[in-house]
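Subject: Structure handover and notes

Hi,

Here is the structure you were expecting. Please open it alongside this email, and then read on for what turned up.

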Amino acid sequence: SLTELYKRIASLPSSFVLWICDLLSVPFSLSYVLGRLPYALIYSFVSYFGMKKLLSGKMIYAAIVLLPTAVFIASNYSYDYWVKAFLLYAVASVVSELQRPDKAMTVRSALSILIAFLVALGPKAIYFPVVLICFLLPKSKFVDDKFRRLFRGGAVLVCLIAIASFVLPFVISASGPTGGGDLRGGSDVNSAGQISFI
């Protein structure tokens with residue numbers, strides 16, 4: 001489904017490489033290593049373009065991106081590389097706009113910020129409150145009130161899409177006989193009931 005695709009977007013590059021390796025009958029040990037390569041490349045390129053946007057603070061950005069744990073995670077099978085790279089890019093884009101108070105934000109820049117947040121939140125939608133950083137941009141950054149309202153409405157829409165991506169599947173599965181969720185506890189375990197109790 002579209003929701004599942006949105007949640008698993010971070011796995012697509014590696015899945016494609018592993019599929020190609022399978023078609024070419026590449027040995028498992030080599031395909032395992034090659035499958036991790038897209039993660040490191042995407043993390044590197046997105047981080048580079050995020051750093052390029054900043055006027056100052058590039059060393060702080062680089063220190064965050066190059067933390068040993070972050071680099072380790074970015075070179076292994078995980079969705080964290082995707083979330084971190086695109087969230088850092090989006091936040092760097094917002095900070096870049098704040099660093100240029102005399103220059104009005106363009107439509108292209110606004111779209112790149114919102115799309116980066118939307119793409120980043122696919123695998124880990126619980127980070128949706130980070131999008132609210134968009135509301136830090138002052139009125140002077142917008143050409144007119146209509147553009148400001150559209151941008152802020154877009155930020156709210158990104159939040160709602162992210163929230164819907166993890167709430168809707170739970171609500172839909174919760175309407176089933178077992179209430180969805182983990183079935184290892186047997187048919188008496190009802191995730192919807194547990195959540196409502198909490």
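One definition first, since the pocket notes need it: helices are DSSP runs (H or I) of at least four residues, numbered from the N terminus. Please also keep in mind that this is a predicted model.

**Overall fold**

The chain has nine helices and zero strands. Read along the sequence, the pattern is α-α-α-α-α-α-α-α-α. The chain has 198 residues, and 33% of them count as buried.

**The largest pocket**

How much space lies in the largest pocket? About 170 Å³. Two elements give two or more residues to its lining: H3 and helix H6 (80-98). H6 gives the most, with three residues. The lining includes Lys52 and Lys53. Ser93, Ser96 and Glu97 are also among the lining residues. So are Arg100, Lys103, Ala104, Met105, Thr106 and Ser109. Lys141 belongs to the lining as well. Two of these names, Glu97 and Lys141, come back in the next section.

**Salt bridges**

The structure holds two salt bridges. In general, side chains of opposite charge can pair when their charged atoms come close.

One salt bridge joins Glu97 and Lys141. Their closest N and O atoms are 3.1 Å apart. This pair links distant parts of the chain, 44 residues apart. Glu97 sits in helix H6. Lys141 sits in the loop between helix H7 (107-120) and helix H8 (145-174). Are these two residues buried or exposed? The cut-off for buried is under 20% relative accessible area. Glu97 has 10% relative accessibility, so Glu97 counts as buried. Lys141 has 1%, so Lys141 counts as buried too.

The other salt bridge is between Arg148 and Asp145, at 3.1 Å from N to O. Both residues lie in helix H8. They are three residues apart, about one turn of the helix. Arg148 counts as buried because its relative accessibility is 13%. Asp145 has a relative accessible area of 41%, so Asp145 is partly exposed.

**A nonpolar patch on the surface**

Which residues form the nonpolar patch on the surface? They are Leu18, Phe28, Tyr32, Val33 and Tyr77. Together they have about 480 Å² of accessible area. Helix H3 (residues 28-53) supplies the largest share, three residues. Phe28 is in helix H3. Phe28 has 66% relative accessibility, and the cut-off for exposed is over 50%, so Phe28 counts as exposed.

**H2 and the loop after it**

Helix H2 (residues 12-23) has twelve residues. At 1.5 Å a residue, H2 should span 16 Å. Its end C-alpha atoms are 16 Å apart, so the span agrees with what is expected.

Ser25 comes just after H2. It lies in the loop between H2 and H3. What is the phi of Ser25? It is positive, about 55°, although Ser25 is not a glycine. Ser25 counts as exposed because its relative accessibility is 62%.

**H7**

H7 has 14 residues. From its first C-alpha to its last, H7 reaches 20 Å. That is close to the 20 Å expected at 1.5 Å a residue. Which residues are buried in H7? They include Ser109, Ala110, Ser112, Ile113 and Leu114. Ala116, Phe117, Val119 and Ala120 are buried as well. Ser109 also appears in the lining of the largest pocket.

**Two C-alpha pairs to look at**

The C-alpha atoms of Phe49 and Ala85 are separated by 10.0 Å. Along the chain, these residues are 36 residues apart. Phe49 is in helix H3. Phe49 has 42% relative accessibility, so Phe49 counts as partly exposed.

The second pair is Ala155 and Leu118, 37 residues apart in sequence. Their C-alpha atoms are 9.1 Å apart in space. Ala155 lies in helix H8. At 0% relative accessibility, Ala155 counts as buried.

**Where to start**

Glu97 and Lys141 are a good pair to bring up on screen: they form a salt bridge, and both help line the largest pocket. After that, turn to Ser25 and its positive phi.

Best wishes

Terms used:
Residues are numbered from 1 along each chain as its sequence is written. This is a predicted model: local features need pLDDT of at least 70, side-chain atom pairs count only at pLDDT 80 or more; totals for chains, interfaces and linings use all residues. Side-chain values use heavy atoms; hydrogens and water are left out. Patches are made of residues with over 30% relative accessible area and no salt bridge: like charges are joined within 9 Å, nonpolar side chains (Val, Leu, Ile, Met, Phe, Trp, Tyr) within 5 Å. Accessible areas come from the Shrake-Rupley method with a 1.4 Å probe; for residues, only the protein chains shown count as cover. A salt bridge is a side-chain nitrogen of Lys or Arg within 4 Å of a carboxyl oxygen of Asp or Glu. Buried means under 20% relative accessible area, exposed over 50%, partly exposed in between (1.4 Å probe, protein chains only). The expected span of a helix is 1.5 Å times one less than its number of residues. On a 1 Å grid over the protein atoms alone, a cavity is a set of points where a 1.4 Å probe fits but cannot get out, and a pocket is an open set with protein on both sides within 12 Å along at least five of seven lines; lining residues have an atom within 4 Å of a point. Grid points are joined across faces, edges and corners, and a volume is the space filled by probe spheres set on the points.
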